[in-house]
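Welcome to this tour. Please open the model in your viewer and keep the selection panel at hand.

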Amino acid sequence: MTHPEPLVQFSGVRKTFGPFEAVKSLDLDIGLGEFVAIMGPSGCGKTTTLRMLAGLETPTEGTIRIAGQEMNDVPVHDRDTPLVWQSLALFPFLNVKENVEFGLKMRGVDASEAHSRAMLWLDRMGLKGFEKRRIDELSGGQRQRVALARSLVTEPQMLLLDEPLSALDAHLVIRMQGVLTKLQKELGITFVYVTHSQSEAFAMADRVVIMGQGEIAQIGTPQEIFRAPRNRFVAEFVGRNNILKGTVPGQEIVVAADRMKVHDSAPDDHAIAADFVSEEFAGTGIICYFEGPEGEELKAQVREDQLATLAPEPGQRFWLTWAPEAAHALTG
Amino acid sequence: MRRSNALTWIYLTALFGFVFAPIVTSMVFSFNSDRFPTVPLGHFTLHWYETAFARPEVWTAFRNSLIAAATAGALSTALGFATAYTDFRYGFRFKNAYLALALLPPTIPLVIMGLAMLAWLARLGLSGTLPGIVIAHTVMGAPFAMAICRLRLQQMDPSLEAAAWNLGASPWRAMRNVVVPFSAPAIISAYCLTAAVSFDEFIVAWFVSGLNKTVPVMILEILQGNVDPQINAIGTVVFLTSMTLVIAAQLLILRKSAK
């Protein structure tokens with residue numbers, strides 16, 4: 001995924017709040033039309049990064065460029081970086097249509113054009129007939145779509161999203177993921193999506209940026225990050241990974257849970273003996289949890305019919321193996 | 001259950017009776033033809049209203065009070081809202097001291113406040129003038145306005161204002177188009193309440209009003225001369241004016257917290 005002219009360029013960006021270093025040193029290019037997810041545990045600096053892009057925070061050091069222009073001294077209201085807030089931040093004293101028109105009015109678009117553009121977006125977001133509703137009369141999913149329409153009606157080059165789905169029910173999250181990916185493809189604009197949810201990031205993004213303690217831990221496609229985590233932090237954060245000792249002393253390898261095979265009798269010398277602990281139904285299969293020889297947690301993903309054949313009991317001994325090509329060595 | 005319900009009703013009736021009986025008595029006697037407040041009542045009359053409002057100084061006093069209430073209400077509300085917004089939006093050193101100072105005026109005994117105002121306004125050449133009364137009442141009303149606006153701003157999502165900036169609103173336009181509309185119920189109720197405070201206020205007004213008497217000051221001066229049922233008539237009008245303002249303020253506060 002190469003983009004000739006990056007839309008956004010962070011170079012050497014650092015941000016401190018008093019003694020706390022929220023972002024240590026950030027170098028990141030984001031291309032035009034790219035869907036980038038910035039992911040990490042809370043306090044990793046992902047939200048600060050997004051807020052700096054929107055101009056809500058000023059970098060302590062370094063520069064942020066948007067379309068080649070240095071943005072450090074451009075105030076929030078002069079930027080074209082609409083944000084979908086975690087709380088949505090819809091205006092409760094305005095109705096649905098007035099909310100969507102707000103950005104247009106602030107940018108001096110005249111009333112009749114603002115009206116027609118707002119109606120177009122409400123229609124597009126499936127909110128036709130809701131334009132006179134008050135915000136507190138809408139469901140969570142409808143509010144979400146109002147927030148999207150409000151941000152996109154000004155036809156920006158990029159959309160920033162700050163954990164927008166975290167307040168929704170699980171089934172709505174999946175549906176909104178579909179809405180977002182489709183929208184991003186149709187509009188061809190850049191989406192910068194901040195989340196702590198691996199499933200959201202991996203389901204939607206072209207590229208995932210994993211952040212930890214104010215630094216980028218790894219950048220890559222969801223596939224790359226899932227199959228080839230660069231270090232232990234990424235491997236652990238991504239989850240459903242087994243971190244094992246490599247053949248070379250001191251080296252660690254990662255084997256994803258879905259590449260682990262479970263046997264009820266010892267197949268060969270390389271198998272790890274592990275005791276069954278519990279199982280968990282995941283969307284794509286069943287994750288079985290085991291305790292390894294040194295008390296470590298091991299995970300293996302099996303199909304439902306395999307689970308039925310294995311019929312594991314807690315404490316029962318199994319053997320885990322993997323194909324050599326499934327193992328990925330960690331570098332740091 | 002029913003027994004305690006009945007007790008509650010008795011208690012409430014007694015409470016409201018105790019609070020409102022004197023006012024109701026005054027209202028009743030304002031329509032009574034007898035010169036002295038005695039039972040049995042005479043016949044119904046509007047005579048006391050007619051004589052009271054035939055006096056030009058009563059009209060002047062009402063005019064003074066209304067101007068002072070309207071202006072002091074507006075100034076207190078503007079100051080109170082600005083103070084509450086500063087508290088909502090900014091964190092700074094000595095913020096607690098700043099807030100304590102802003103909320104201080106109601107704790108000062110009114111006689112002291114009146115004396116201090118008299119001394120200070122005399123220096124500025126404003127004692128005995130309507131602007132002098134407005135200044136004094138603004139000082140007294142602003143903390144109430146601040147408390148009401150602060151309560152409302154605490155309910156506001158801090159992202160709301162930033163969302164307005166993010167959509168292209170300059171800080172001033174965000175204030176006008178988001179913060180003020182959001183706070184509108186509190187601003188109106190603060191205005192009603194501070195106007196009522198000014199309209200009713202006697203002690204400080206007595207010190208600083210000089211010849212520009214407000215209604216409460218005039219009432220006392222009439223009363224010092226003689227007991228006259230005109231006082232009941234004027235008192236009834238004053239009571240209804242303040243109650244209208246206070247009830248309007250209360251309704252707005254209740255409506256906004258119901259949301």
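Start by selecting chain B, and colour it from the N terminus on: its elements run α-α-α-α-α-α-α-α-α-α-α. Please keep in mind throughout that this is a predicted model. The tally for chain B is 11 helices and 0 strands. If you turn chain B along its principal axes, the C-alpha trace spans about 70 × 65 × 30 Å.

**Where the chains meet**

Next, bring chain A back into view and select the contact residues on both sides. You should have 21 residues of chain A in contact with 19 residues of chain B. Between them, the two chains bury about 1,700 Å², and carbon and sulfur atoms account for 68% of that area.

Which residues of chain A lose the most area to chain B? Show A:His77, A:Phe93 and A:Met106 as sticks: they are the ones, and together they make up 35% of what that side buries.

Now select helix H2 of chain A, residues 96-106. This helix gives 4 residues to the side of chain A that touches chain B, the largest share. Colour that side by class and you will find 13 nonpolar, 4 polar and 4 charged residues.

How many salt bridges are there between chain A and chain B? The count is 0. For polar contacts, look for 5 residue pairs between the two chains, both residues of each at pLDDT 80 or more.

**Into the largest pocket**

Our last stop is a space lined by protein. The largest pocket holds about 700 Å³ of space. To find its centre, select A:Leu244, A:Lys245, A:Ile253, A:Ile272 and A:Trp322, the closest to it among the 25 lining residues.

Then switch to cartoon and pick out the elements of chain A that give two or more residues to the lining: helix H8 (232-238), strand S11 (241-245) and strand S16 (297-302). Linger on S11(A), which provides the largest share of the lining, 5 residues.

Finally, colour the pocket lining by class: there are 9 nonpolar, 8 polar and 8 charged residues.

Key. Residues are numbered from 1 along each chain as its sequence is written. Chains are lettered from A and ligands numbered from 1 in the order in which they are written. This is a predicted model: local features need pLDDT of at least 70, side-chain atom pairs count only at pLDDT 80 or more; totals for chains, interfaces and linings use all residues. Side-chain values use heavy atoms; hydrogens and water are left out. On a 1 Å grid over the protein atoms alone, a cavity is a set of points where a 1.4 Å probe fits but cannot get out, and a pocket is an open set with protein on both sides within 12 Å along at least five of seven lines; lining residues have an atom within 4 Å of a point. Grid points are joined across faces, edges and corners, and a volume is the space filled by probe spheres set on the points. Ala, Val, Leu, Ile, Met, Phe, Trp, Tyr, Cys and Pro count as nonpolar, Asp, Glu, Lys and Arg as charged, and the others, Gly among them, as polar. Contact means heavy atoms within 4.5 Å. Buried area is the accessible area (1.4 Å probe) that two parts lose on being put together, summed over both. A salt bridge is a side-chain nitrogen of Lys or Arg within 4 Å of a carboxyl oxygen of Asp or Glu. A polar contact is a pair of N or O atoms within 3.5 Å; within protein, one must be able to donate a hydrogen and the other to accept it, and residues adjacent in sequence count only if both atoms are side-chain atoms.
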